[in-house]
Amino acid sequence: DYDETLAKVQAMVDGYPGLYRDVQTYLKERIREVLTGSSHPVVIRIYGEDMAVLREKAAEVSDRLSSVEGLKDVHVEFVTEIPEVEVEVDLARAQAYGIKPGDVRRAAAYLIAGEEAGDIHTANRTFDVNVWSTAANRNSMSAIENLMIDTPDGGQVAMSDVADIRIVAVPNTINHENLARRIQVEADVEGRDLGSVVANVKTALAEIEFPQGYHPELIGEFAERQAASQRVMIAGLVAMLIIYCLLRVSLGSWRLATMSFLSLPIALVGGVLAAYFFSNGVLSLGSLVGFLTILGVAARNGIMLISHYQHLEEFEGEPFGTELIIRGARERIAPI
């Protein structure tokens, strides 16, 4: 049973505190990833330059959205700070020893991060040769401070004498979009329709002040749905115009084409009622395909019915009037 299985899976992941989780189908997750780059229906992407300011505003947005009804698991993108060794060359002291700043940086890179020094070619294969210090040295601040750097006069000097060495907190990742740094606030929707929730989210964002050079952007499933709806609306209007012109060509009369065109929406009433009672008022992709099928059948039957009226009047001498309408309907309704 699908619902029972889903409830068991949800209960299992809910048993692990401190985790943000979202149980969903593979197809749904893939579609969201492709459309927005995130697997969440509501995503607020904040752009700016300074990561500290971005994280501060993201936390403020997250706190504000936590009070929006219908949103659950509101959280900031998983960007955390990690310790990193920072070596900042003191230009004056380095110049006193005749050492270039690049020499200091390269020595620090060799010791802490490792650097490629060359290649070995053997048996049609190439292997990189990397220079790196032992774990005991690269994990020791005193070893880094006491790293000896060659001077132009043949002597050596400790790195701590020409650079300031310290441990600083840096983000574990920095994401860029549109030539700017960004951070995301993500949330799932439950218990309310997506449109109403997004309207409240927009109101909450409007109440938050962002420094100059920083701005939020609401993306996610709703934004993509709006863009898709706009494209469908434009395509639909173009299709309706083409259908109207084709009806004119088929029936040979603007009046008959208009009458047939205006009667088409009536054919969709049954489909609307079916969707309302059997799909809880939700129009799925399958429902839309069904509506297109109904529309096509209704247009075909309308054209054939009016064409039969024209045939009775022009070729069988039936005068236009009630008898013509009744006879034409009687002869066409049975085949339909």
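Q: What is the relative accessible area of E81?
A: The model is a predicted one, in which local features need pLDDT of at least 70 and side-chain atom pairs count only at pLDDT 80 or more, while totals for chains, interfaces and linings use all residues. Residues are numbered from 1 along each chain as its sequence is written, and side-chain values use heavy atoms, with hydrogens and water left out. A residue is buried under 20% relative accessible area, exposed over 50% and partly exposed in between (1.4 Å probe, protein chains only). E81 belongs to the partly exposed class, its relative accessible area being 47%.

Q: Which residue forms a salt bridge with E81?
A: A salt bridge requires a side-chain nitrogen of Lys or Arg within 4 Å of a carboxyl oxygen of Asp or Glu. E81 lies in strand β3 (residues 81-89) and its partner in helix α3, so the pair ties together parts that are 26 residues apart in sequence; helices (H or I, at least four residues) and strands (E, at least two) are DSSP runs, numbered from the N terminus. The partner counts as partly exposed, at 28% relative accessibility. With an N to O distance of 3.4 Å, the residue that meets E81 is R55.

Q: Is R45 buried or exposed?
A: R45 forms a salt bridge with E177, and the closest N and O atoms are 3.4 Å apart. E177 is partly exposed at 27% relative accessibility. The relative accessibility of R45 is 6%, and therefore R45 counts as buried.

Q: How many residues apart in sequence are the parts that R45 and E177 tie together?
A: The salt-bridge network that holds this pair links R45, E77, E177 and R182. R45 is located in strand β1 and E177 in strand β9 (residues 175-177), so the parts tied together have a sequence separation of 132 residues.

Q: What separates R106 and D103 within helix α5?
A: These two residues form a salt bridge whose closest N and O atoms are 2.8 Å apart. R106 is partly exposed at 46%, and D103 is partly exposed at 29%. Because R106 and D103 are three residues apart in helix α5 (residues 101-112), their separation is about one helical turn.

Q: Which element gives the largest share of the largest nonpolar core?
A: A nonpolar core is a set of buried Ala, Val, Leu, Ile, Met, Phe, Trp, Tyr and Cys residues joined through side-chain atoms within 4.5 Å. The largest such core has 25 residues, and those with the most contacts inside it are I44, I46, V61, L65, L71, V185 and V201. Two or more residues come from each of β1 (42-48), α3 (51-65), β2 (71-76), β10 (180-189) and α8 (194-206). The largest share, six residues, is given by α8.

Q: Which strand gives the largest share of the negative patch?
A: Patches join residues with over 30% relative accessible area and no salt bridge, like charges within 9 Å and nonpolar side chains (Val, Leu, Ile, Met, Phe, Trp, Tyr) within 5 Å. The negative surface patch consists of E115, E116, D119 and D128, and E116 is partly exposed at 44% relative accessibility. Three of the patch residues come from the strand that spans residues 115-122, β4.

Q: What accessible area do the residues of the nonpolar surface patch have together?
A: One of the patch residues, F278, is placed in helix α11 (residues 269-278) and counts as exposed at 73% relative accessibility. Accessible areas come from the Shrake-Rupley method with a 1.4 Å probe. For the patch formed by I266, V269, L273, Y276, F277 and F278, the accessible area together is about 750 Å².

Notes: Lys and Arg count as positive and Asp and Glu as negative; His and the chain ends are not counted. The place of a charge is taken as NZ of Lys, CZ of Arg, CG of Asp or CD of Glu.
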